[in-house]
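Fresh notebook page, coffee at hand. I want to look up how a few helices and strands sit in this chain.

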Amino acid sequence: MMTAARTADTGITGPGELDRYTYAEAPAGERAAVRPWDGPDTELGRMSRRGSASRGRGLHGQLVQQLGQMIVSGDLGADRPLVPEEIGQRFEVSRTVVRESLRVLEAKGLVSARPNVGTRVRPVSDWNLLDPDIIEWRAFGPQRDDQRRELGELRWTIEPLAARLAAGHGREDLQQRLGDMVEIMGHALGQGDAITCARADAEFHSLLIQAAGNRMLEHLSGIVSAALQVSGGPVTGCDRPNEASLGHHARIVEALATGDSAGAEAAMRQLLVVHPDRVVPAPREH
């Protein structure tokens, strides 16, 4: 069982704090410079949120999630050595779980493993910032404001273009589904059903990118999906009726139906202006 803290005789703190380990495998000159594993228990509670890539994958997924958030939050700074034995003891998991988890983090650019050097945390410039998990971890960490701004700017680039392209493809099946999402959102807003509204909104934006007919653009849809799955503020946009937002969604659908590329692009830009600094959350698993 993975635990937040242990009470072994290795300089570890008691309940309510994280473990503190020295790094036995690090050269003696480095040990004093290594920051201990420490932080309040509330941070561990926040780390228990399960990201998209680690959701439903047991101990392996949980360890990826916790180490990933600790790296992204800065609790494990750049060039910090990660010793598998230490990690296994701290979280009470096998070497296999640790090894596979570090491989996932390496694929995301968060850590690097080299012979005779070991595994170390990489600087933020090496991270895959478009990875959905990293987007989520940043959104719930100290970089949340930067993440909100950057996601908003990226959506301004992707979604108006997708709307313009979608209007020229005449995908009636997708247009019908987009219209259905607008109807569901309208009903949900009237009923104060934030969960249904958020689901329909996320589906709307995903379908719109699919309708653009550009495979490379569709490949970037994960960025928009990630943006819609993390909360950028206390107001979700579906917590209260928002006729302006609903109207812009409807106008996008109308523009697609008539092949009005410029109108679809303009309506999308207007939609993003309604809450320019907000990232709409989709329902999260607990």
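**Entry 1: a helix pair.** I began with H3 and H4, which are roughly perpendicular to each other. That follows because their axes cross at roughly 110°, and angles of 65 to 115 degrees count as roughly perpendicular. I noted the ranges too: H3 covers residues 58–73 and H4 covers residues 84–91. Their axes come within 12 Å, and H3 passes H4 in a right-handed crossing. A reminder to myself that this is a predicted model.

**Entry 2: a hairpin.** Next I looked up strands E2 (residues 111–114) and E3 (residues 118–121), which pair in the antiparallel sense over four bridges. Which residue of E3 stands opposite alanine 113? I found threonine 119 there. Three residues lie between the strands of this hairpin, and asparagine 116 takes a positive phi near 65°.

**Entry 3: helix H9.** I then turned to H9, with 18 residues running from 194 to 211. I read 26 Å from its first C-alpha to its last, close to the 26 Å expected at 1.5 Å a residue. At its start, a side-chain oxygen of aspartate 193 reaches to within 3.4 Å of the backbone nitrogen of isoleucine 195. After the helix comes glycine 213, whose phi is positive, near 70°.

Which residues of H9 are buried? My list includes Cys197, Ala198, Asp201, Phe204, His205 and Leu208. For reading such a list, I keep in mind that an α-helix has 3.6 residues a turn, so residues three or four places apart point the same way.

Key:
Residues are numbered from 1 along each chain as its sequence is written. This is a predicted model: local features need pLDDT of at least 70, side-chain atom pairs count only at pLDDT 80 or more; totals for chains, interfaces and linings use all residues. Side-chain values use heavy atoms; hydrogens and water are left out. Two strands pair if DSSP finds at least two bridges between them. Helices (H or I, at least four residues) and strands (E, at least two) are DSSP runs, numbered from the N terminus. The expected span of a helix is 1.5 Å times one less than its number of residues. Buried means under 20% relative accessible area, exposed over 50%, partly exposed in between (1.4 Å probe, protein chains only). A polar contact is a pair of N or O atoms within 3.5 Å; within protein, one must be able to donate a hydrogen and the other to accept it, and residues adjacent in sequence count only if both atoms are side-chain atoms. Axes are lines fitted to C-alpha atoms, for helices over the stretch in contact, and angles run from 0 to 180 degrees between N-to-C directions. Angles under 35 degrees count as roughly parallel, over 145 as roughly antiparallel, 65 to 115 as roughly perpendicular and the rest as oblique. A crossing is left-handed if the near helix is turned anticlockwise from the far one by less than a right angle, and right-handed if clockwise.
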